[in-house]
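User: Hey, could you walk me through this one? I'd like to start with how the protein and the DNA meet.
Analyst: Sure, let's have a look.
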Protein chains: 2
Amino acid sequence: MPQNKFSSVKGCGTAVSCQDCSLSSLCLPLSLHEQDIDRLDAIIKRGRPYQKGQTLWRQGDDFHSVLAIRSGSVKSFITSPSGEEQIVGFHFAGEMIGLNGLFNKKYPITTVALETTTVCDIPYDSLDALADDLPELRDQVLQSMSQEISEDQQMMLLLSKKTSEQRLATFLVSVSERFHRRGYSASRFRLTMSRNDLGNFLGLAVETVSRIFSKFQQKELIRFLDSSRDIELIDIAGLYELADLQDGTASACGKRVVG
Amino acid sequence: MPQNKFSSVKGCGTAVSCQDCSLSSLCLPLSLHEQDIDRLDAIIKRGRPYQKGQTLWRQGDDFHSVLAIRSGSVKSFITSPSGEEQIVGFHFAGEMIGLNGLFNKKYPITTVALETTTVCDIPYDSLDALADDLPELRDQVLQSMSQEISEDQQMMLLLSKKTSEQRLATFLVSVSERFHRRGYSASRFRLTMSRNDLGNFLGLAVETVSRIFSKFQQKELIRFLDSSRDIELIDIAGLYELADLQDGTASACGKRVVG
DNA sequence: CGGACGCTTGATTAGGTTCAATTACTGTGG
DNA sequence: CCACAGTAATTGAACCTAATCAAGCGTCCG
């Protein structure tokens with residue numbers, strides 16, 4: 001009997017079936033019939049965990065699988081010819097990444113683990129064959145991609161129009177919403193990415209991110225606990241107000257359903 | 001016999017079939033069999049043209065159709081609660097818009113005509129039913145959305161990391177590429193959007209756009225013909241160099257396959 | 001213990017915005 | 001067809017936000 005929501009994740013390296021996995025309702029909310037889950041279970045590969053800094057795939061690599069993150073977190077970024085990197089999303093446990101690779105069979109982004117991360121590997125060929133029989137699965141994929149587009153466009157608004165304070169506030173409430181929806185605390189969580197990554201993602205210099213965090217602490221909007229990575233949102237309403245967000249689109253910032 | 005590539009577009013208001021339409025190979029490059037084209041043709045509605053400034057649909061409207069632009073051009077934007085608008089894409093003749101509305105059955109963006117614009121209206125219900133039978137159509141939709149994601153992420157890089165000069169250069173070569181692929185001149189075209197729209201899209205003030213255009217003219221990279229909307233790219237190579245673009249991703253900027 | 005890296009804070013700078021004024025279009029009605 | 005009004009585009013000057021440069025501190029890990 002699982003002690004907590006994600007206890008079955010611990011056994012990821014071993015033969016835990018999708019049915020037993022506490023993530024099944026999150027990573028593939030398909031309302032599949034029981035035999036369908038069994039079929040999906042049969043095609044999923046469970047590998048050893050990725051260590052912090054390890055690359056899951058590189059921009060331009062041949063597309064082979066979609067991954068469901070079971071525990072841990074990753075960042076995804078694109079690289080310009082001059083070598084500049086732009087982080088386009090962070091992904092946490094319970095999210096699916098890599099779907100976007102099916103356009104011309106290459107991954108368009110590089111994905112790197114931010115901490116020790118375990119995943120379920122769903123080979124594309126099998127998924128594709130399965131999708132032929134399961135309309136729900138196809139719809140799920142389409143919906144995920146459609147949502148990703150809307151979220152990326154919210155990011156365009158953020159990068160184009162918002163001030164540094166608004167950007168950071170938007171990020172914080174969006175991450176908060178995502179954790180909340182996954183059954184975790186909306187007000188206390190760990191930022192697994194560095195200040196550098198955060199600045200890169202939000203279009204700000206590291207120093208600016210640091211300064212805004214300090215300002216938010218002075219305003220008693222947030223507080224850091226043990227380390228500068230463990231944050232508590234004291235005044236979520238205040239952060240929302242700062243962020244200028246559309247209702248229900250908070251999670252747009254930073255959430256990349258499709259990788 | 002058509003006189004030019006788009007001559008059949010003129011008869012859009014009348015009963016021109018998809019098969020005769022010179023855009024068929026552009027807006028739905030599906031390699032459909034002949035009888036499939038006939039089926040598609042049967043469900044398409046051809047309405048009267050939209051005038052400059054008219055709204056095709058508004059953010060939040062119920063999703064009903066996908067549109068193929070037969071002539072003219074449009075802009076699409078999202079609106080933040082505080083009323084700020086962010087243009088997320090321009091669309092020209094031969095491009096499909098509105099696909100993104102299938103996520104929760106609402107259009108997530110507002111789309112407005114930049115000039116007199118004619119479209120083919122493909123009701124979603126019919127398209128959905130047709131897609132059940134035609135794997136190519138489904139793949140096409142997936143590919144379009146996947147491409148859109150990559151393009152939006154290129155825009156995130158542009159808005160987050162590029163200078164004003166790089167942004168405008170990126171935009172110009174991307175529009176050039178798009179026109180070129182459609183069989184038009186890569187070096188001479190009309191900018192149907194205002195400087196205001198351009199600035200909004202690129203995350204710049206109108207004045208900045210104007211100044212960069214002037215600077216580009218001084219450097220003899222571009223030239224304006226009759227008006228400030230009719231541009232000629234004199235030194236495309238030079239613009240490419242300025243833009244810091246990935247090979248083959250130039251069209252990412254401004255191109256929104258999915259609306 | 002030492003070195004590297006990550007984070008914070010301060011001082012200075014710069015790219016782009018904002019404000020303001022002028023000129024060039026576009027479209028409309030007489 | 002021209003006059004006029006309203007909008008779009010350009011250009012200049014002042015200002016400001018966030019970047020850059022620089023220094024110091026903390027922390028993780030060999």
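Analyst: One term before we start: a polar contact is a pair of N or O atoms within 3.5 Å. Also keep in mind that this is a predicted model.
User: Okay. So which base atom of DNA strand D does A:Arg211 reach with its side chain?
Analyst: A base oxygen: a polar side-chain atom of A:Arg211 lies 2.9 Å from it.
User: And what does A:Arg211 do at DNA strand C?
Analyst: There, an N or O atom in the A:Arg211 side chain is 2.9 Å from a base nitrogen.
User: What about the phosphates of strand D?
Analyst: Two contacts to mention. A polar side-chain atom of B:Arg195 sits 2.8 Å from a phosphate oxygen of DNA strand D. A:Ala205 uses a polar backbone atom, which is 3.1 Å from a phosphate oxygen of DNA strand D.
User: Which elements give two or more residues to the surface near DNA strand D?
Analyst: H7 of chain A, plus helix H6 (195-202) and H7 of chain B. The largest share comes from H7(B), with four residues.
User: How many residues surround DNA strand D, and which are the closest?
Analyst: 17 residues surround the strand, and the closest are A:Ser164, A:Thr208, B:Arg195, B:Ser210 and B:Ser214. Of the strand D atoms that come within 4 Å of the protein, 64% are sugar and phosphate.
User: How do the residues near DNA strand D divide into nonpolar, polar and charged?
Analyst: Two are nonpolar, nine are polar and six are charged.
User: Now strand C. Which residues come nearest to DNA strand C?
Analyst: Out of 17 residues around DNA strand C, the nearest are A:Arg195, A:Ser210, A:Ser214, B:Ser164 and B:Thr208. By class, that surface has two nonpolar, nine polar and six charged residues.
User: Which phosphate contacts are there on that strand?
Analyst: Here are two. A:Arg195 has a polar side-chain atom 2.8 Å from a phosphate oxygen of DNA strand C. A polar backbone atom of B:Ala205 is 3.2 Å from a phosphate oxygen of DNA strand C.
User: How much of what the protein approaches on DNA strand C is sugar or phosphate?
Analyst: 62% of the strand C atoms within 4 Å of the protein belong to sugar or phosphate, and the rest to bases.
User: Which element gives the most to the surface near DNA strand C?
Analyst: H7(A), with four residues. Helix H6 (195-202) and H7 of chain A, along with helix H7 (206-218) of chain B, each supply at least two.
User: Does UniProt come into this? What does it place at residues 162-237 of chain A?
Analyst: An unreviewed UniProt entry lists "domain: HTH crp-type" there. In this model, residues 162-237 of chain A are 54% helix and 13% strand, with end C-alpha atoms 18 Å apart.
User: Switching topic: how many aromatic pairs does the structure hold?
Analyst: 20 over all chains. One of them is A:Phe213 with A:Phe224, an edge-to-face pair with 5.2 Å centre to centre and 80° between the planes. This pair links distant parts of the chain, with A:Phe213 in helix H7 (residues 206-218) and A:Phe224 in strand E10 (residues 222-224), 11 residues apart.
User: Are those two buried or exposed?
Analyst: A:Phe213 is buried, because its relative accessible area is 1%, under the 20% cut-off. A:Phe224 is buried too, at 15%.
User: Last one: which residues form one aromatic cluster?
Analyst: A:Trp57, A:Phe63, A:Tyr107 and A:Tyr124.

Key: Residues are numbered from 1 along each chain as its sequence is written. Chains are lettered from A and ligands numbered from 1 in the order in which they are written. This is a predicted model: local features need pLDDT of at least 70, side-chain atom pairs count only at pLDDT 80 or more; totals for chains, interfaces and linings use all residues. Side-chain values use heavy atoms; hydrogens and water are left out. Rings of Phe, Tyr and Trp (its six-membered ring) pair if their centres lie within 6.5 Å; planes under 30 degrees apart count as stacked, over 60 as edge-to-face and the rest as tilted. Buried means under 20% relative accessible area, exposed over 50%, partly exposed in between (1.4 Å probe, protein chains only). A residue is near a molecule or strand if one of its heavy atoms lies within 4 Å of it. A polar contact is a pair of N or O atoms within 3.5 Å; within protein, one must be able to donate a hydrogen and the other to accept it, and residues adjacent in sequence count only if both atoms are side-chain atoms. Ala, Val, Leu, Ile, Met, Phe, Trp, Tyr, Cys and Pro count as nonpolar, Asp, Glu, Lys and Arg as charged, and the others, Gly among them, as polar. UniProt positions are given in the numbering used here, feature names are shortened, and annotations may be inferred rather than shown by experiment.
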